[in-house]
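Hello,

Here is the structure for you to look through. My notes on what I found follow below.

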Amino acid sequence: MANLTGKKMLLGVTGSIAAYKSASLVRLLIKAGAEVQVLMTKSGADFISPLTLSTLSKRPVYTDITSEESWNSHVEMGLWADAMVVAPLTAASLAKMACGMSDNIITATYLSARCPVFFAPAMDLDMWQHPATRENVRRLQGFGNHLIPVGHGELASGLVGEGRMAEPEEIVAYLHHFWERQQSLAGKKILITAGPTYEPIDPVRFIGNRSSGKMGVALADAAARRGAEVTLVLGPSRLLPRESQVKVIPVQSAGEMHRAAQEVFKDADIGILAAAVADYRPREVSAQKIKKTGDTLRLELVKNPDIAATLGGGKAPGQWLVGFALETDNELANAQSKREKKNFDLIVLNSLQDEGAGFHYDTNKITILGKDNKIRKFELKSKLAVAEDILDEIEALWNGKI
Ligand code: CTP
């Protein structure tokens, strides 16, 4: 297990009854070798004494941006930290973080933090299920923050359900796992195709589709953060990866994507084909802008190369290929037969029947199918979180666990 030695951590404690667990969380983090700077909201400090947390962390605890002695610079702390953990995170503080409201030391520091941010919500089950909370969680995940899942059990209200803060041991294990997977794809070369393709009709017109490229770009970023050498063959998309080490090869048409992907895959360990490739292109591309002469216009379309099938057909032992399937009916069977036909090791199924999944959304709901015929269903999540799930599955496959 990776350890937390020397990691500089900000721990934000907001006003939930679960704040009493912060004492053991601080102790466990310190024991794992981290330096811990505790920040508390005023109501967090009503639930557990700052003196307790300051004694355990061996540092002053900040509850306010300005104290009697000093100005506690949220900017400096945001830059100092290797990670920020907000645990427990109440529904109110979650909402503030989701909309960038910086009215206390934790939310102000959150906006200044350039490091990974983890959040462990704690609230009653109905609050946790409320659409506003669900949306706020997804917003935070959409910013690239990491949700430490809530537990199921008895809540302070006496009700039983989901909403308990993860146990301190689970939070520390989650952090260990995060740093462990920082380098989990080190040395691996990954090809990712993403975005739509544009098939030219004439110099100004094309046939395209509504793919944003978001899922593939999120995958490229997530794989780069795990240490992989990523080449992203990207169709026309407004998006670019955030991680500067991702190599981007911009392409327009399926033909260009096909050539680039073939070249990159020769030397790759893993190919992830997230592009929405146009199946057909106009047979003739007019050199001049087509004039509006008749009442109808006929375009003859010819089939594009199937990039996935080409790469799947020529896949060498030790190379893995992961594809996507967007289906509207008979989803599982169609996806499984697509996986076999294209020789994918895994296929990620998006169903258009799922609310919140597909081209127009920041979220996605996926099912992953492999050769073992097991059906792995995931919840609706931000595309960034979905990218992490897909990479976890690929790593499991790589490590022989699937
Ligand atoms: N794909 C590809 N090249 C193509 C078409 C698809 O690489 N010309 C890849 C996609 O990136 C995706 C997978 O193949 O990973 C499945 O794409 P999809 O469009 O669902 O499959 P099609 O073969 O086009 O089948 P359908 O008839 O359902 O459109």
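A residue is called buried if its relative accessible area is under 20%. By that cut-off, strand β8 is mostly covered, with 5 of its 6 residues buried. Please keep in mind that this is a predicted model.

The sheet

β8 belongs to an open sheet of 8 strands. The order is β12-β11-β8-β13-β16-β17-β19-β20, and the pairing is mixed. β12 (247–250) and β20 (375–377) stand at the edges. Each has a single partner strand, so one side of each is left without a neighbour in the sheet. On average, neighbouring strands are turned by 20° against each other, direction ignored.

Now the two neighbours of β8. With β11, it pairs in the parallel sense over 6 bridges. Ala194 stands opposite Leu234 of β11 there. On the other side, β8 (residues 189–194) is joined to β13 (residues 270–273) by 4 bridges. These two strands also run parallel. Ile192 has Ile272 in β13 as its bridge partner. For Thr193, the bridge partner in β13 is Leu273.

A helix lies against this sheet. Helix α10 (residues 214–225) packs on it and touches β8, β11 (229–234), β13 and β16 (320–327). The direction of α10 makes about 165° with that of β11.

Helix α9

α9 covers residues 168–180, which is 13 residues. At 1.5 Å a residue it should span 18 Å. Its end C-alpha atoms are 18 Å apart, which agrees.

Which residues of α9 are buried? They are Pro168, Ile171, Val172, Leu175, His176, Phe178 and Trp179. These cover an arc of only 160° around the axis, which puts them on the same side of α9. What covers them includes β1 (8–13), α1 (22–31), β3 (83–89), β4 (117–121) and β5 (146–147).

The contact with α1 can be described further. The axes of α1 and α9 come within 9 Å and cross at roughly 35°. The crossing is right-handed. From α1, the residues involved are Ser24, Leu25, Leu28 and Leu29. They meet Pro168, Glu169, Ile171, Val172 and Leu175 in α9. Pro168, Ile171, Val172 and Leu175 are among the buried residues of α9 listed above.

Helix α5

α5 runs over residues 91–98. Its buried residues are Ala91, Ser93, Leu94, Met97 and Ala98. Seen down the axis, they fall within an arc of 165°, so they line one face of the helix. Their cover includes β3, α6 (105–112), β4, α7 (125–129) and α8 (131–142). β3 and β4 are also among the elements that cover the buried residues of α9. After α5 comes Gly100, whose phi is positive, near 70°.

Gln336

One single residue to look at is Gln336, found in helix α13 (residues 331–341). Is Gln336 buried or exposed? Its relative accessible area is 11%, so it is buried. Leaving out residues up to four places away in sequence, Gln336 touches Leu369, Gly370 and Asn373.

A quick route for viewing: begin at β8 with its partners β11 and β13. Add α10, which packs on the sheet. Then turn to α9 and its crossing with α1. Finish with α5 and Gln336.

Best wishes

Notes:
Residues numbered from 1 in each chain as written. Predicted model: local features only at pLDDT ≥ 70, side-chain atom pairs only at ≥ 80, totals over all residues. Heavy atoms only, no water. Pairing = 2+ DSSP bridges. Axes fitted to C-alpha atoms, helices over the stretch in contact; angles between N-to-C directions. Contact = heavy atoms within 4.5 Å. Expected span 1.5 Å × (residues − 1). Buried < 20%, exposed > 50% of the residue type's maximum accessible area, 1.4 Å probe, protein only. Arc of directions from axis to C-beta. Left-handed = near helix turned anticlockwise from the far one by under 90°.
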